[in-house]
Amino acid sequence: MKIGFIFPTSPFNSKEIDDDFKEQYELLNQFPRLAVDIDEMTKLINLDKKELNSETLWIYRGWMLQKGQYQKLNHLVEKMNGRLLTSPEQYLNAHHLPNWIDSLQEYSMPTKFISLDDMQENSVQKINSILNGMKGDRVMVKDYVKSLKTGSGNIIQKGDDISQKINEMIHFKGSLEGGLVFRQYIDLAPHSEHRFFVFNQQLHSSLSDLSIDPLNLPLTGILAMAYQIKEKINLPFYSIDIALTKNLKPVLIEIGDGQVSDYVGWDIHNFIQIFQTKTLQNKKGI
Ligand SMILES: Nc1ncnc2c1ncn2[C@@H]1O[C@H](COP(=O)(O)OP(=O)(O)O)[C@@H](O)[C@H]1O
Ligand SMILES: [Mg+2]
C-alpha cells in the first residue's frame, strides 16, 4: 500500500506546517507529503515538489475536521486524481459516536443521544425525558465528537439546568457537532485509559509489555477487549480508547478516526512506526 500524508498549514503562515504537527511532518519524510489550509480548504500544496502518484492513499494528520470540511478535503484529493485512505463516510463512522455505539454497546456504558434536528423543538423536555430513563444520578454529556474539559466539565446531575449546560458547551466549543450524547456515569480507575490504534487491520499499542505480561490481568483484559473490537470494526485507520472501572473491568470509552486522534500516551517515534511497512510486515503491531 502506497501512502502519503496531508498536514494542516499554520494559521499564521500558509507556507508552514502548523506548529503542533511539524514534528510528525518531519518524521514522516519518507512519505510524500501535502499541506492544506483547513480554514480555506481550497487547494493542496505539494510540499515535497515531487510528482504525485495517483495510486497513493492519502492520510490526513491534523485538527479534527467537521463533516463538511472533510468532504471538501476529499474533493481536493479527488481533483488531483488521488484518494483518501478513509472516505468521508468512514470518517464519520468513527468520528461521530452514534455511528459506532450500537455495534459496540456491549463493551461500553449505556448511552443515548439526540440529534441537533431533534433538538429544534422542546429540547429541554426531550433531554430530561432521556435523562430520566437512565440509571444513576449523574450522566456524562458530550456532543457527537467531544466533551467539555473546561468550565464545569462533562458530568451533569439529573435535575441540573440542561439549557445552561448546552450554552456552556456552545460557549467553550464554538458550536455543537451533530447533537448531544448522554452516557451513564461510571467510576473509572484513575489514569487507566489506554489508546490503541488500528491501521491496516493491525492493532497497535503504546504498551510494548502488554502482550508479554499475561499475569497483569487488568491490562490483559484491556488488550482482549481491543482485539474483540478490532474484529467488529471495518475501517482503515482508527483509535480505540479503553479504561478500567474502579473494579478493574475494561470498558470502552470511545473510538475515533485515527487521522484526528492525538497520540496521547504514545512516544511519537512509536506512533509513526504504525505507518512503516517494514513494521507491518514484521507484525510488530501487537
Ligand atoms: N460514562 C462516563 N462516566 C465517567 N467518566 C467518563 C465517562 N465517559 C467518559 N468519562 C471520562 O471523561 C473523559 C472524556 O470522555 P470521552 O468520551 O473520551 O470524551 P472526549 O471525546 O472529550 O475525549 C474520558 O477520558 C473519561 O475519563
Ligand atoms: Mg476521549
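A residue counts as exposed if 12 or fewer other C-beta atoms lie within 10 Å of its own, and as buried if 20 or more do. Keep that cut-off at hand for the first stop. What you have open is a predicted model.

**Stop 1: Gly159.** Select Gly159. It sits in the loop between β8 (155–157) and α6 (162–173). Buried or exposed? Gly159 has 10 C-beta neighbours inside 10 Å, so it counts as exposed. Now add Gln276 and draw a distance between the two C-alpha atoms. Gly159 and Gln276 are 51 Å apart in space, with their positions 117 residues apart in sequence.

**Stop 2: the domains.** Colour by domain. Domain 1 covers 3–85. Domain 2 comes in two segments, 94–98 and 188–276. Domain 3 covers 110–184.

**Stop 3: domain 1 against domain 2.** Hide domain 3 for a moment. The C-alpha centres of domain 1 and domain 2 are 25 Å apart. Across the boundary, 13 residues of domain 1 are in contact with seven residues of domain 2. On the domain 1 side, α1 (22–27) and β4 (57–60) each supply at least two of the touching residues. The largest share is that of α1, with three residues. Colour this side by residue class: nine residues are nonpolar, two polar and two charged.

**Stop 4: the nonpolar core.** Next, select Trp58. Which residues does Trp58 touch, leaving aside those up to four places away in sequence? They are Gly4, Ile6, Val77, Gly82, Arg83, Leu84 and Leu85. Then widen the view to the largest nonpolar core, which has 57 residues. Trp58 is among the five that touch the most other members, along with Ile6, Ala226, Ile240 and Ile242. In soluble globular proteins, nonpolar side chains tend to be buried together.

**Stop 5: ligand 1.** Bring domain 3 back and centre on ligand 1. Its shell holds 15 residues. Which of them come nearest? Select Met140, Lys146, Ser147, Arg183 and Tyr185. Domain 2 and domain 3 each give at least three residues to the shell. Show the strands as well: β7 (138–143), β9 (179–184) and β13 (250–257) each supply at least two shell residues. By class, the shell has six nonpolar, three polar and six charged residues.

**Stop 6: confidence.** Finish by colouring on pLDDT. The protein averages 91, and 94% of the residues score at least 70. Now select residues 278–286. Here pLDDT stays under 50. The model has 14 contacts beyond four places in sequence for this stretch.

Terms used. Residues numbered from 1 in each chain as written. Chains lettered and ligands numbered in written order. Predicted model: local features only at pLDDT ≥ 70, side-chain atom pairs only at ≥ 80, totals over all residues. Domains from an automatic or database assignment. Contact = placed C-beta atoms within 7 Å. Helix = DSSP H or I, 4+ residues; strand = E, 2+ residues; numbered from the N terminus. Nonpolar A, V, L, I, M, F, W, Y, C, P; charged D, E, K, R; others polar. Near = placed C-beta within 6 Å. Core = buried A, V, L, I, M, F, W, Y, C linked by C-beta atoms within 7 Å. pLDDT = per-residue confidence, 0-100.
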